[in-house]
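User: I would like to learn how to read pockets and cores in a protein model. Please take me through an example.

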Amino acid sequence: MPDKSLVTGAAGFIGRARVSALRERGHTVVAAARQKPAGDLPPEVLWAACDLTDRGAVEAMLATHRPKGLVHLAWHMAPGNTVAVQNYDWIAHSIGLLRAFAAEGGQRALLCGSCMEYDWRLPGPYAEDTAPLTSPFPYGHAKAGLFRIFQDFCATQGLSGAWARPFFMYGPGESERRLAADVALSLLKGEDARCSDGWQKRDFMHVADVAGAMAALYDSGCEGPVNIATGQTVELRSFITEIARQIGREDLVRFGARPTPPNEAAEIAADVTRLTRDIGFHPEFTLETGIADTIASWQRHISKMVVPSCAKQIPKF
């Protein structure tokens, strides 16, 4: 197990959970991102403010901390990122990071890919060693391209390398634009949750389980690609209905109010044989408990935004 591990994208959705998962396993963590998240990192986590698009800054950071392990999560994640040309820029940024990591004596690297590397036009479940990596999306195409380079780089540089492919995540801290957050926030505010017909099937995994699975993969020493998923798909309609049931506002769900995107895959399923057999990981959250945890986090978020009447400014006489 590496004595010090660098986590890039540490302020992001997976990154925050990933830092916690590594700390729980006894790692010394160097958390890197452009901006430090307020109050999200425990005091024992080492912080490194770094723009990964700046090669000099990356090399300086690695020379300072000299981590033996690397968990690379950072990527271009702005709205519309699935078709953004910046995805190809991040291939170069990631290669630069790997080169600097190896040059400073790095030993074990885990990079985060995506289920979008797979060609969703083909039927699943998608297995790491047989499913074609022929994604029609720039995001998936770029991730698959980096994966191939990563494998060659590890082989030539003597690095131990693993590649995580998460499927569909949800949970505390996700963007309000994502499905679970969008539905939960709308219903908690007493607003309509406008949805598509919801017959598509997806493999949903709570972000804490995603982070836990990636931490287990990192510590296992296993190499190559590993799907990060539950192995079970659920209809979006059922996922949304469970959120509404727990909040008690099924009456506000509007299925069919939004169009289903053209060429939407009917089902995106993961083969999790490697994760369960080789890594020995099994999720802790069920769909019900994961949704309950997500709703609770948004309830806390909303409560912080509401100013109690007793906290209003008292007039001065």
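Analyst: We will go through a pocket, the nonpolar cores and one loop residue of this predicted model.

User: How is empty space found at all, and how much space lies in the second largest pocket?

Analyst: Rolling a probe the size of a water molecule over the atoms shows where empty space is left. Here the second largest pocket holds about 500 Å³.

User: Which residues lie nearest the centre of that pocket?

Analyst: Arg16, Ala17, Ser20, Val207 and Ala208 do, out of a lining of 21 residues. Helix 1 (13-24) and helix 6 (207-220) each give at least two residues to this lining. Sorted by class, the lining has ten nonpolar, seven charged and four polar residues.

User: Which residues have the most contacts inside the largest nonpolar core?

Analyst: Met214 and Ile228, in a core of 77 residues. Helix 6 provides the largest share of this core, with nine residues. Another core, of 22 residues, lies apart from it and includes Ala181 and Ile243.

User: What does Met214 touch?

Analyst: Leaving out residues up to four places away in sequence, Met214 touches Ile14, Arg18, Leu73, Leu110, Cys112, Ala164 and Ile228.

User: Where does Phe285 lie, and why does it count as partly exposed rather than buried?

Analyst: Phe285 lies in the loop between helix 8 (273-278) and helix 9 (287-305). Buried means under 20% relative accessible area and exposed means over 50%. Phe285 has 28%, so it is partly exposed. With residues up to four places away in sequence not counted, Phe285 touches His206, Ala208, Asp209, Gly290 and Asp293.

Notes:
Residues numbered from 1 in each chain as written. Predicted model: local features only at pLDDT ≥ 70, side-chain atom pairs only at ≥ 80, totals over all residues. Heavy atoms only, no water. 1 Å grid on protein atoms, 1.4 Å probe; cavity = no way out; pocket = protein on both sides within 12 Å on 5 of 7 lines; lining within 4 Å. Points joined across faces, edges and corners; volume = space filled by probe spheres on them. Helix = DSSP H or I, 4+ residues; strand = E, 2+ residues; numbered from the N terminus. Nonpolar A, V, L, I, M, F, W, Y, C, P; charged D, E, K, R; others polar. Core = buried A, V, L, I, M, F, W, Y, C linked by side-chain atoms within 4.5 Å. Buried < 20%, exposed > 50% of the residue type's maximum accessible area, 1.4 Å probe, protein only. Contact = heavy atoms within 4.5 Å.
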